[in-house]
Amino acid sequence: MNGAQSLVKTFLSNGLDTVFANPGTSEMHFVAALDDHPEMTCVLCLFEGGTTGAADGFYRMKRDVAGTLLHLAPGFGNAFANLHNARKAGSGIVNVVGDHATHHLRYESPLKGDIQGISQAVSHWTRVSSDAESVASDGAAAAQAARSQNGQIATLVLPANTAWEVASGPITSALHVPRPYRPSQEAIDAAVKRLKAPNAALMIGGAALFEPLRSLAGKIASVTGCRLLADTLIPRIAKGAGAARLDQLVYPISPKMAQLEGTASITLVGADRPVAFFAYPDKPSTPEPADCAVSTLCAPHDDIDWTLWALADTAGVTSKTVFETYPLDMPDIPSGALTLEKVGQALAALIPENAILCNESVTSGLKVVPLLATARPHDMLGGTGGAIGLCLPCATGAAIACPDRKIIAMTGDGSAMYTLQSLWTMARESLDITVIVFANRGYQILREELQNVGVEKFGRNAQAMFDVENPTLDWVSLAKGHGVPATRAKDMDSFVRAVSAGLDSDGPSLIEVVCPPPE
């Protein structure tokens, strides 16, 4: 048995059975070891950012770690943006990065780079295996680290010779994952007192945003009389009928400040303090009023489940406690000219129960997503770290994690271009994903941000950096070139037909929505 074989057997013994891969020469022994174990699911991604985005989506839905297989420092560099998103989402991922053999590293070969340096910029845990005997224990430690603190980025650097040299065997028992921090009863008591005071808010994050904890949070809000909040960019949230009502903070800083006007206190459970996405001239970095107390009861890496139950018990929640939920109220399917509001209405009527929506529709989504609040129950996965190019690979990972659920991926055309190679993986794996590309022919969000920083008008050079026209992206051709059936919707009738056909199919499809020009 060589080091690579001991690693694969260790991963399987530790419950890690899915790897999203983009391998190179340094990883060939690991590839051979994967080939010896058909019980390991191996998914090829044509770009490293696709591997990490897929592993992120997998964790968000499976609530367990997947692996990625990356090639040296440049490969890790290509994977970095979606690892940044995964870190902000609190997703657990084990990266295996092949490096040159240890005796080869003294030479300045073309692909030599500082893997540790680039890894430590985004990973919570990084280790370089020193020899083949260490690979199995290092792999078990990587899986342990990735599952710790509610999900972390763990990166194991595997010099090529540690993969091909002889090893004793795998680690066949999973390492213990330390229990996350729990707040004291005194902190719980103070939080309940705070939540019962006037104009109090409870901001939840992580697992508290979907079932079963979402309903418990709703009951806490009902008993204490506080307002239930969620931040703007969140990894996963329950949507639709039956979900506990909450207010989600919007993206622009001025409306976000208006949402929190009059708030006396914010208690954080599984969430970080809300903050403006960027700094803007003459605007604050944080949106709450100056006299609003912001208290962290439970950080995102703490024991969210235990904390919510402790809050509920102390506040007096019982099995009979009722709380406000979103009703099932699906609109009629609209027809005629295509507008973003009508697209939202159509999706609200057509989304099947238990679907998963991956949303990176950015400006288009501002008009579409609010209309889904009373649709059938579903989960929504969103951007977390602000690095675009998440949607398509995230949908890929969610589909691998939940093959029995319908996936709808909503993305802007500019964002989708970052990781369009994921379409090929969807086709190869026959994944049940309906992709909706909102083609507004540019980075509309940047046009709005230019105004947010005080630039009232702009000319040819700025316009050239914001649009993706001349030539116009042809998403129907791009999708078909990757093996995904596609159609273009210019009116509501063609959009509804395309969405219905996509949801009726068991494989991938793409709909290019030609957006009306901005008002």
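Here are some short exercises on this structure, each with a worked solution.

This is a predicted model, in which local features need pLDDT of at least 70 and side-chain atom pairs count only at pLDDT 80 or more, while totals for chains, interfaces and linings use all residues. Residues are numbered from 1 along each chain as its sequence is written, and side-chain values use heavy atoms, with hydrogens and water left out.

**Exercise 1. Find the order of the strands in the open sheet of six strands, and say which strands stand at the edges.**

Solution. Start with the terms: strands (E, at least two residues) and helices (H or I, at least four residues) are DSSP runs, numbered from the N terminus. Two strands pair if DSSP finds at least two bridges between them.

Step 1: reading across the sheet gives β2-β1-β3-β4-β6-β5, with parallel pairing.

Step 2: β2 (41-44) and β5 (125-128) are the edge strands; each has a single partner strand, so one side of each is left without a neighbour in the sheet.

Step 3: from one strand to the next, the twist averages 20°. Angles run from 0 to 180 degrees between N-to-C directions, and axes are lines fitted to C-alpha atoms, for helices over the stretch in contact.

Step 4: zoom in on one pair. Six bridges link β3 and strand β4 (residues 93-99) in the parallel sense, and G67 stands opposite V94 in β4.

Step 5: now add a helix. α3 lies across β1, β3 and β4 and runs at about 170° to β3; contact means heavy atoms within 4.5 Å.

**Exercise 2. Describe how helix α3 and helix α4 cross.**

Solution. Step 1: the axes of α3 (residues 48-62) and α4 (residues 72-89) come within 6 Å, crossing at roughly 20°.

Step 2: this makes α3 roughly parallel to α4. The classes are: under 35 degrees roughly parallel, over 145 roughly antiparallel, 65 to 115 roughly perpendicular, and the rest oblique.

Step 3: the crossing of α3 and α4 is right-handed, where the near helix is turned clockwise from the far one by less than a right angle (anticlockwise would be left-handed).

Step 4: among the residues that meet are D56 and R60 in α3, and N82 and L83 in α4. The contact of α3 with α4 divides into four nonpolar, seven polar and three charged residues. Here Ala, Val, Leu, Ile, Met, Phe, Trp, Tyr, Cys and Pro count as nonpolar, Asp, Glu, Lys and Arg as charged, and the others, Gly among them, as polar.

**Exercise 3. Work out the same things for α12 and α20.**

Solution. Step 1: α12 (residues 340-350) and α20 (residues 492-504) pack at an angle of about 30°, their axes 11 Å apart.

Step 2: α12 and α20 are therefore roughly parallel to each other, and their crossing is right-handed.

Step 3: residues that meet include V343 and L347 in α12, and F495 and V499 in α20. The contact of α12 with α20 has nine nonpolar residues, one polar and one charged.

**Exercise 4. Explain which parts the salt bridge between D64 and R147 ties together.**

Solution. Step 1: a salt bridge is a side-chain nitrogen of Lys or Arg within 4 Å of a carboxyl oxygen of Asp or Glu. The structure holds 13 salt bridges.

Step 2: in the pair D64 and R147, the closest N and O atoms are 2.8 Å apart.

Step 3: D64 lies in the loop between α3 and β3 (66-71) and R147 in helix α6 (residues 132-147), so the pair ties together parts 83 residues apart in sequence.
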